[in-house]
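Take a moment with the sequence and the model below. Then follow the text from the inside of the fold outwards through its cores, rings and strands.

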Amino acid sequence: MLSGGDGGPLTAASPSKESSTAFSSLSATVTLVTTASVLLLAIAVILSSGGGSPGDPSVIPIVGAVGPESFAFDSNGDGPYTGVSDGRIIKWQRNESRWIDFAVTSPERDGCEGVARRDNRAREHVCGRPLGLCFSPKNGNLYVADAYMGLIVVRPSGGLPIQVATHVQGVRIGLTNSLDIDPISGVIYFTDSSNMYQRRNYIAAIVSGENTGRLMKYDPETKQVSIILTNLKFPNGVSLSKDGDFLVVAETTTCRILKLWLKTEKAGKVETILELPGFPDNIKRNNKGEFWVGIHSKRRNLMKWVLSTNSWVGNALANLPFDITKAYSYLDSVSGYGLGVRINENGNVLEVLDGMSGRRWKHVSEVLEENKNLWIGSVEMPFAIKEKLLR
């Protein structure tokens, strides 16, 4: 005799009952998939941002790849340097008005370059996907947060990188995202956005609301990696204050800016200093000690519900039997726009720039203020944007 979970007999259902159960199950599945598909389309509308034309004067096209996610200038003021979707780090040659290859984040280059737009995701784990970058004031090396290769460093001459950190406490770093460097100590602060999802599945990581993200630091003197904060929901951009007293961290899923005190009597304390109207990506400090936050897109009420702790929808979307990030990429042509928000050290908003009023901002990942210009990055678009500051 078969027994059920409670030890009682397990009886076979009659054919008619079995058929009815199967039909009910199929109907429920169809309803779930249909509902999830509608929500996915709605989320794509919410997350997507306004487009741009590479023919605009402020638009600087990138050939053969997409997604200039972050920017950095070297000690001579040359650049910017940026990482793109095929694993290359490229440098803007101002006197020639063109990009040149500077480095790659993976030695494996077969099938990496010349891939059609947005099709690099299938090879990201092989080719690398450079995200945040920052030059060290101490030695001129370029440190890179690669989503798959971990924390790496490239010498001033470029070429192949050297791995700096791929594991912490015996656990592999899942999705290295952004970094900043203390100019005095050389310590590198960086984010690991998720230990459950890879970058090519980042939409699933956000809609599921999972909290395996971490903030870490690497000490070049001891060559040790240590964990500073845990249980974060897709920590993204990180930036050190001008005096080195605190860090600001963008938590993408919750649309918050966190402040972690490193010094003073508040050392170790974490504060929420700003709740944003959209999904933050990178944070970059300007020369005045203010911060520019790149916002991928606005968050609407539907997305708030999807991400709420009481909603099953986020997990359902993340576990659908297809690639939610890839599906989203096919739906991201709908209209909308990204944002750039300038804030002070206390989280007070000083300025908001958006993709309206003729700006061509889409999937904004970063706003970097440099020499009276703004450089706007995007995780998806095949160009960078440069705008003159009007103030």
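**A walk through the model**

Start with the empty space: the count comes to three cavities of 30 Å³ or more. Keep in mind that this is a predicted model. The largest cavity holds about 220 Å³ of space. Its lining is made up of 17 residues. Closest to its centre are Y202, I206, F234, N236 and D281. Two elements, α3 and β20 (278–285), each give two or more residues to the lining of this cavity.

Now step back to the whole chain. The protein chain has 391 residues, and buried residues make up 54% of them. Its secondary structure comes to six helices and 26 strands. Next, look at contacts with a separation of 6 or more in the protein chain. Residues 24 or more positions apart account for 54% of them.

Next come the nonpolar cores. In soluble globular proteins, nonpolar side chains tend to be buried together. Here, the largest nonpolar core has 27 residues. I89, F102 and L142 have the most contacts inside this core. Which elements give two or more residues to this core? They are the strands β5 (98–104), β6 (130–135), β7 (142–146) and β8 (150–154), together with the helix α3 (202–208). The most comes from α3, with six residues. Recall that α3 also gives two or more residues to the lining of the largest cavity.

Zoom in on L142. Leave aside its neighbours within four places in sequence. L142 is then in contact with A72, I89, F102, L133, C134, F135, I152, V153 and V154. Two of these, I89 and F102, are named with L142 for having the most contacts inside the core. Another core, of 16 residues, lies apart from the largest one. Among its residues are V248, I257, I273 and L274.

Turn to the aromatic rings. A pair of aromatic rings is described by the distance of the centres and the angle of the planes. The structure holds seven aromatic pairs. One of them joins F73 and W375. Why is this pair edge-to-face? The ring centres are 6.3 Å apart and the planes stand at 65 degrees; over 60 counts as edge-to-face, so the pair earns that name. Now find the two residues along the chain. F73 lies in the loop between β2 (71–72) and β3 (81–83), while W375 lies in strand β25 (residues 373–378), so the pair ties together parts that are 302 residues apart in sequence. Both F73 and W375 are buried. Ring pairs also bring in F71, linking F71, F73 and W375 into a cluster.

A second edge-to-face pair is formed by Y81 and F135. Their rings are 4.9 Å apart, centre to centre, with 70 degrees between the planes. This pair too links distant parts of the chain: Y81 is in strand β3 and F135 is in strand β6, 54 residues apart. Are these two residues buried or exposed? Both Y81 and F135 are buried. F135 is also one of the residues in contact with L142.

Rings can have other partners. K259 lies over the face of F246, at 4.3 Å from the ring centre.

Finish with a single strand residue. Q93 is found in strand β4 (residues 88–93). Is Q93 buried or exposed? Its relative accessibility is 18%, and buried means under 20%, so Q93 counts as buried. Not counting residues up to four places away in sequence, Q93 touches R98 and I100.

Notes
Residues numbered from 1 in each chain as written. Predicted model: local features only at pLDDT ≥ 70, side-chain atom pairs only at ≥ 80, totals over all residues. Heavy atoms only, no water. Core = buried A, V, L, I, M, F, W, Y, C linked by side-chain atoms within 4.5 Å. Buried < 20%, exposed > 50% of the residue type's maximum accessible area, 1.4 Å probe, protein only. Helix = DSSP H or I, 4+ residues; strand = E, 2+ residues; numbered from the N terminus. Contact = heavy atoms within 4.5 Å. Phe/Tyr/Trp six-rings, centres within 6.5 Å; stacked < 30°, edge-to-face > 60°. Lys NZ or Arg CZ within 6 Å of the ring centre and 35° of its normal. 1 Å grid on protein atoms, 1.4 Å probe; cavity = no way out; pocket = protein on both sides within 12 Å on 5 of 7 lines; lining within 4 Å. Points joined across faces, edges and corners; volume = space filled by probe spheres on them.
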